[in-house]
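Grab a pencil and work through these exercises with the sequence and the 3D view side by side. Try each task yourself before you read its solution.

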Amino acid sequence: MPQRKGCSIFNEPCFVAKKFLARPQHEGVGAVVRRSIGRFELKYFDPFLMLDEFSVTAPAGFPDHPHRGFETVTYMLQGAITHEDFEGHKGTIEAGDLQWMTAGRGIVHSEMPVAQGTQKGLQLWINLASKYKMIEPSYQEVLSKDIAEGEDDGVKVRVIAGESLGIKSPIYTMTPTMFLDFSLKPGAHLQQPIPETWNAFVYILEGEGIFGNMKSQPSNSHHILLLAHGDGLEAWNKSSKLLRFILVGGEPLEEPLVQFGPFVMNTQEEIDQTINDFENFANGFEKARDWRSEKEMD
């Protein structure tokens, strides 16, 4: 899309409606996360249930645990983690790799660090519409070298989901979603369209940037910026260092939400049934009865 210097291409650019700093907290077994969505100030940003920037060093990690009713997106920034589930699916997610897991009716899995040192990444939880909550679990996995990338005038993008700079991701999203990893060189200016009805946010990974309005105060790493509805985001890097952030947007489901930890359904009755299914190894959790991950058995 052409960009006219100093002039917005949008009729109604998104401005920053709210801004939070994601502070470190403990999660899993010995892991540290910076949680920006799914915390007390922001329990849910439809359709997004949680965003963690995680940091984990062996032997810490996320041992065997269940999910039902949503999708998890794991995007590694540094190091690697091993993933293993009760269906026999296993593998390693390395720096720059993507795993898009649809938990659907139920999955039990583990996510543990591979090597020494600190492993860092992002995990995003995306809610599923009621009609998809009980579908069979599935995975979409993309190696770093296969993630679509584009670059234009100091703006580089890795297209995890959705479209940017004329490049489309092959990832199929059950809930219509965009997930873009942007790096802006000093002096660069980004104009990225966003569907007007979608909820969208920015999470800053590195550096300092100006978002929404050139007169806005700069925001720096570990901040989440919730965007007001509009037809696109503008961002500027006025600093002398690289600016890196993710822009994530999704179509709101506008459905009732009841969450009990890793189970996300529409009613309390469905949550009660999910707990019963998990405890009795039924209705999608049958294989959990005799399964333990290799790390759990060590």
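Two strands count as paired if DSSP finds at least two bridges between them. Keep that in mind, and remember that this is a predicted model.

**Exercise 1. Find the partners of strand 9, and say which residues stand opposite each other.**

Step 1. Start with strand 6, residues 70–78: this strand and strand 9 are linked by five bridges and run antiparallel. That passes the cut-off of at least two bridges.

Step 2. Pick out one bridge here: Thr 74 is matched with Gln 99 of strand 9.

Step 3. Now look at strand 12, which also pairs with strand 9 in the antiparallel sense, over five bridges. Here Gln 99 sits opposite Glu 141 of strand 12.

Step 4. What holds such pairs together? Strands of a sheet pair through backbone hydrogen bonds, in a parallel or an antiparallel way.

**Exercise 2. Is strand 9 mostly covered or mostly open, and which way do its side chains point?**

Step 1. Use the cut-off: a residue is buried if its relative accessible area is under 20%.

Step 2. Count along strand 9, residues 98–102: five of its five residues are buried, so the strand is mostly covered.

Step 3. Sort the directions. Leu 98, Trp 100 and Thr 102 point one way, while Gln 99 and Met 101 point the other way.

Step 4. Compare with the general rule: in a regular strand, side chains alternate between the two faces of the sheet.

**Exercise 3. Put the whole sheet in order and find its edges.**

Step 1. Walk across the strands: the order is 2-3-4-11-6-9-12, an open sheet of seven strands with antiparallel pairing.

Step 2. Which strands stand at the edges? They are strand 2 (24–27) and strand 12 (138–142); each has a single partner strand, so one side of each has no neighbour in the sheet.

Step 3. Check the twist: on average, neighbouring strands in this sheet are turned by 25° against each other, direction ignored.

Step 4. Zoom in on strand 4 and strand 11, an antiparallel pair with nine bridges. Met 50 faces Trp 125 of strand 11.

**Exercise 4. Describe the largest pocket.**

Step 1. Begin with its volume, about 460 Å³.

Step 2. Look at the lining, which is made of 23 residues; Glu 27, Arg 35, Met 50, Asp 52 and Trp 125 lie nearest the centre. You've just met Met 50 and Trp 125 as opposite residues.

Step 3. Which elements give two or more residues to the lining? They are strand 3 (31–37), strand 4 (48–57), strand 5 (62–67) and strand 11 (118–127).

Step 4. Sort the lining by class: 10 residues are nonpolar, eight are polar and five are charged.

**Exercise 5. Locate the annotated binding site.**

Step 1. Check the record: an unreviewed UniProt entry lists His 65, His 67, His 109 and Glu 111 under "binding site".

Step 2. Why can we say they gather at one spot? They span 47 residues in sequence, but no two of their C-alpha atoms are more than 12.8 Å apart, so they do come together.

Step 3. Link this to the pocket: His 65, His 67 and Glu 111 from this set belong to the lining of the largest pocket.

Step 4. Finish with His 67, which belongs to strand 5. Its relative accessible area is 1%, so His 67 falls under the 20% cut-off and is buried.

Conventions. Residues numbered from 1 in each chain as written. Predicted model: local features only at pLDDT ≥ 70, side-chain atom pairs only at ≥ 80, totals over all residues. Heavy atoms only, no water. 1 Å grid on protein atoms, 1.4 Å probe; cavity = no way out; pocket = protein on both sides within 12 Å on 5 of 7 lines; lining within 4 Å. Points joined across faces, edges and corners; volume = space filled by probe spheres on them. Helix = DSSP H or I, 4+ residues; strand = E, 2+ residues; numbered from the N terminus. Nonpolar A, V, L, I, M, F, W, Y, C, P; charged D, E, K, R; others polar. Axes fitted to C-alpha atoms, helices over the stretch in contact; angles between N-to-C directions. UniProt positions renumbered as here; feature names shortened; annotations may be inferred. Buried < 20%, exposed > 50% of the residue type's maximum accessible area, 1.4 Å probe, protein only.
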